Amino acid sequence: MTLPIEQDRIEKQIELKAPIARVWRALTDYREFSKWFQVNLEAPFVPGQTARGRITYPGYEQHTMEVVVQKMEPECLFSFTWHPYALDLQRDYSKEPSTLVEFRLEPKGDGTLLTVTESGFSKLPADRRREAFPMNDDGWAEQMKNIERHVGQTS
């Protein structure tokens with residue numbers, strides 16, 4: 001069964017009062033990404049490689065985030081795949097499809113328009129989709145505020 005597009009993808013946009021180079025660094029420097037995303041990544045992002053780290057968000061510290069970096073087109077597109085809302089420690093998510101997360105940057109006046117899209121929810125098992133879609137929809141809304149705060153505090 002194919003879902004309507006509004007149930008297969010999440011899209012969030014925010015205008016950041018920071019130049020594209022600054023936003024790009026916040027997205028792609030693993031140490032900076034770790035700060036605003038609330039994860040402790042172990043190594044830099046490299047296309048084709050897995051990046052992982054312990055989640056630092058309160059209440060989720062026992063979980064690990066793992067992403068496979070897809071593209072890093074400087075100051076334009078950063079993307080990765082992951083298993084969304086993969087928090088059941090008893091479940092093996094490795095056999096399930098992943099979703100694609102894309103961060104797109106565009107100049108907007110003196111700042112940057114950041115668009116985050118996560119797509120591919122329709123490929124997930126129904127029980128996972130019912131849980132992951134609303135949780136990630138709320139999660140991306142929070143992460144947009146986090147990156148806005150981050151790029152506003154640091155240069």
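1. Lys95 is exposed, at 71% relative accessible area (exposed means over 50%, buried under 20%, and partly exposed in between, with a 1.4 Å probe and protein chains only). Its salt-bridge partner is Asp92, with the closest N and O atoms 3.7 Å apart. For a salt bridge, a side-chain nitrogen of Lys or Arg has to be within 4 Å of a carboxyl oxygen of Asp or Glu. Asp92 itself is partly exposed, at 45%.

2. Some housekeeping before going on. This is a predicted model, where local features need pLDDT of at least 70 and side-chain atom pairs count only at pLDDT 80 or more, while totals for chains, interfaces and linings use all residues. Residues are numbered from 1 along each chain as its sequence is written, and side-chain values use heavy atoms, with hydrogens and water left out.

3. Now the fold. The protein has four helices and seven strands, in the order α-β-α-α-β-β-β-β-β-β-α from the N terminus. These are DSSP runs numbered from the N terminus, with helices being H or I of at least four residues and strands E of at least two. The radius of gyration is 15 Å, close to the 15 Å that the globule rule gives for 155 residues, so the protein is as compact as a globular protein of that length. That radius is taken over C-alpha atoms, and the rule is 2.2 Å times the number of residues to the power 0.38. The C-alpha trace spans about 45 × 35 × 30 Å along its principal axes.

4. On burial and contacts, 45% of the 155 residues count as buried. Taking contacts with a separation of 6 or more, 53% of them come from residues 24 or more positions apart; contact here means heavy atoms within 4.5 Å. About 8500 Å² of the protein is exposed, and carbon and sulfur atoms supply 48% of that area (Shrake-Rupley, 1.4 Å probe; for residues, only the protein chains shown count as cover).

5. Where does the cover sit? Look at helix α3 (residues 30-37), which has six of its eight residues buried: Tyr30, Glu32, Phe33, Ser34, Trp36 and Phe37. The elements covering them include α2 (20-28), β2 (39-41), β4 (64-73), β5 (77-82), β6 and α4 (126-153). As for α2, seven of its nine residues are buried, so this helix is largely enclosed by the rest of the structure. Among the buried residues of α2 are Ile20, Trp24 and Leu27, and also Arg22.

6. The charges deserve a look too. There are 20 positive and 24 negative side chains, and the centres of the two sets lie 1 Å apart. Lys and Arg count as positive and Asp and Glu as negative, with His and the chain ends not counted; each charge is placed at NZ of Lys, CZ of Arg, CG of Asp or CD of Glu. The salt-bridge count comes to twelve.

7. Which pairs would I click on? Glu15 and Lys108 form a salt bridge with the closest N and O atoms 4.0 Å apart. Glu15 is in strand β1 (residues 9-16) and Lys108 in strand β6 (residues 99-108), so this pair ties together parts 93 residues apart in sequence. Lys108 is partly exposed, at 40%. Arg25 and Glu32 also meet in a salt bridge, 3.0 Å from N to O; Arg25 is partly exposed at 31%, whereas Glu32 is buried at 13%. Beyond single pairs, salt bridges link Arg91, Glu96, Asp127 and Arg128 in a network.

8. Two backbone spots to check: Gln38 and Glu75. Gln38 has a positive phi near 65 degrees without being a glycine. Gln38 sits in the loop between α3 and β2 and is partly exposed, at 22%. Glu75 likewise is not a glycine, yet its phi is positive at about 60 degrees. Its place is the loop between β4 and β5, and Glu75 is partly exposed at 38%.

9. Last, a couple of glutamates. Glu61 lies in the loop between β3 (50-55) and β4 and is partly exposed, at 40% relative accessibility. Leaving aside neighbours within four places in sequence, Glu61 is in contact with Arg54, Ile55 and Thr56. Glu131 belongs to helix α4 and is partly exposed, at 42%. The C-alpha atoms of Glu131 and Pro84 are 9.4 Å apart, with their positions 47 residues apart along the chain.
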